[in-house]
Amino acid sequence: MVDVKKLIGSVPTGLFIGGEWRDAEGGKTLEVTNPATGEVLAKVADASPADGDAALTAAAEAQAEWAATPARDRSELLRKAFELITERADDFAALMTLEMGKPFAEAKGEVTYGSEFFRWFAEEAVRISGTYMPAPNGASRLLTMKQPVGPCLMVTPWNFPLAMGTRKIGPALAAGCTMVVKPASETPLTMLALAALLEEVGVPKGVVNVITTTDSGGVMEPLIRDPRARKLTFTGSTGVGRKLVEQSAEQLLRVSMELGGNAPFIVFDDADLDAAVEGAMAAKMRNIGEACTAANRIYVHADVAEEFGDKFSAKMKAMTVGNGMDEGVTVGPLITEKAVKNVKRLIESAVGDGATKVCGDDEVPAGGHFVAPTVLTDVSPTSDIVREEIFGPVAAIQTFTDEDDVIKRANDTEYGLAAYFFTTDFSRAMRVSEKLEYGMVGVNAGVISNAAAPFGGVKASGFGREGGFDGIDEYLETKYVGMTI
């Protein structure tokens, strides 16, 4: 079992700038609390705009040397980091459970998933290549080469404290980019531990810089407008993403955005219902429902709605709510009390619009930000819970009878991140996959995230891709060289 006190004490609490751990300007700190208990876990440095500038200066100064580092050397550092994270899986999992709330077993799953980005991009680092071709008139040769974009700004969210960092840091290091990483103020400990690990494996000073702050806008906006920065990558809400894109327009900063979602989950009448129930549980309850890919609108064909609802509700009722560090807990706390209030508002609004609450009135532990797993049926298509991200353990179920109609309803949202559907009809699988307006589609699968696959959305869910063969291209520029012979 992890020694929590020892683990927390081992995590650096300063800013990591230019390879050095340092206090924030004026010694300012922020508290990190456990959402299951309200306990203060640690106090970490609370960066000022001046601290942010120092971090970007360190990244800019390290850029040329890091870009010139042989790809094999960059690859080996990422591979070592992957191996060390794997060795320390329990520690990283415990940190995430303590500061974010997800059950320990699920946090270990995130360690496996998150570390895989370092292994994947360790392998991609040595495969960066260009092209060669004769000009059509034969008078010259046309060459292209891939070069690192340059210093990157990375803003990561609280819901996946490790994986959202490794998914950005991995390809940037592989491509030869330096970076300034700003983790969410609610969950900075995991990223600080990761920075210490990267220092330990030998990543050069200034290549990775980590700043923690409660003043995200004040610290990041000057960096976004700074010409030394060459790329911004952000994972978070669509509202914040829009503001960051506006700020980045001043210097035409290269940008990738992974934003909000409103994922439909469709169960057709020919689906394997047991598989569909398992898929819905995974798509809805992964990360306590606090995921942009979470099933937000569940559409079930009227002919199988009763059977699906009974089986799904039974599984939701069987889940155990509590502190993620406790044995047997399958549903941890939400991140803040504000999040709890928002989820409860959506439930009350849906019931007021005519929905039936099948389960969700069970008592939950005191002292933390808990919401009981909830199932709502007969949900109105105009209810707030259908239009907004739930970000909690609440399943909102509607019925349908027509394929074209349910596709139209599924697409009726500004978002376009992930969608899921279950069917045993191959032709339908292809047809519906093509018609759904989403960047990612799961067919007979409730979890589709994979380091080897391109993660990202369309419409208000953002642009750019993370992971897969596309992921490293976000950190590379293409240079064309024309050579007369």
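**Close-up 1. Helix H4 of this predicted model, residues 89-100, has the span expected of it.** At 1.5 Å a residue, its 12 residues should cover 16 Å, and the end C-alpha atoms are indeed 16 Å apart, so the two values agree. Just after H4, look for glycine 101, which takes a positive phi of about 115 degrees.

**Close-up 2. The surroundings of H4 come into view here.** How many of the 12 residues of H4 are buried? The count is 10, so this helix is largely enclosed by the rest of the structure. Buried here means under 20% relative accessible area. Among the buried residues are Phe92, Leu95, Met96, Leu98 and Met100, along with Thr97 and Glu99. Ala89, Ala93 and Ala94 belong to the buried set too. The packing partners of these residues include three helices, H1 (4-10), H3 (71-87) and H5 (104-125), as well as H7. Strands S3 (29-33) and S4 (40-45) also pack against them.

**Close-up 3. Strands S3 and S4, met above as neighbours of H4, form a hairpin.** The two strands run antiparallel and are joined by 5 bridges. One pair to pick out is threonine 33 with its bridge partner in S4, valine 40. Between the strands lie 6 residues, and in this turn glycine 38 has a positive phi of about 85 degrees.

**Close-up 4. Helices H6 (residues 163-175) and H7 (residues 189-201) pack against each other.** Two packed helices are described by the angle between their axes and the distance between the axes. For H6 and H7, the angle is about 35 degrees and the axes are 10 Å apart. Is the crossing left-handed or right-handed? H6 and H7 cross in the right-handed sense. On the H6 side the contact is made by Gly165, Thr166 and Ile169, and H7 brings Met191, Leu194 and Leu198. Sorted by class, that gives 4 nonpolar and 2 polar residues, with no charged ones.

**Close-up 5. An open sheet of 3 strands shows antiparallel pairing.** Its strands are arranged in the order S5-S6-S20. Which strands are the edge strands? They are S5 (131-134) and S20 (476-484), each of which pairs on one side only. Neighbouring strands of the sheet are turned by 20 degrees against each other on average, direction ignored. Strand S6 (residues 140-148) pairs with S20 over 9 bridges, in the antiparallel sense. To find your way along this pairing, start at lysine 146, whose bridge partner in S20 is threonine 478.

Note on methods:
Residues are numbered from 1 along each chain as its sequence is written. This is a predicted model: local features need pLDDT of at least 70, side-chain atom pairs count only at pLDDT 80 or more; totals for chains, interfaces and linings use all residues. Side-chain values use heavy atoms; hydrogens and water are left out. Two strands pair if DSSP finds at least two bridges between them. Helices (H or I, at least four residues) and strands (E, at least two) are DSSP runs, numbered from the N terminus. Axes are lines fitted to C-alpha atoms, for helices over the stretch in contact, and angles run from 0 to 180 degrees between N-to-C directions. A crossing is left-handed if the near helix is turned anticlockwise from the far one by less than a right angle, and right-handed if clockwise. Contact means heavy atoms within 4.5 Å. Ala, Val, Leu, Ile, Met, Phe, Trp, Tyr, Cys and Pro count as nonpolar, Asp, Glu, Lys and Arg as charged, and the others, Gly among them, as polar. The expected span of a helix is 1.5 Å times one less than its number of residues. Buried means under 20% relative accessible area, exposed over 50%, partly exposed in between (1.4 Å probe, protein chains only).
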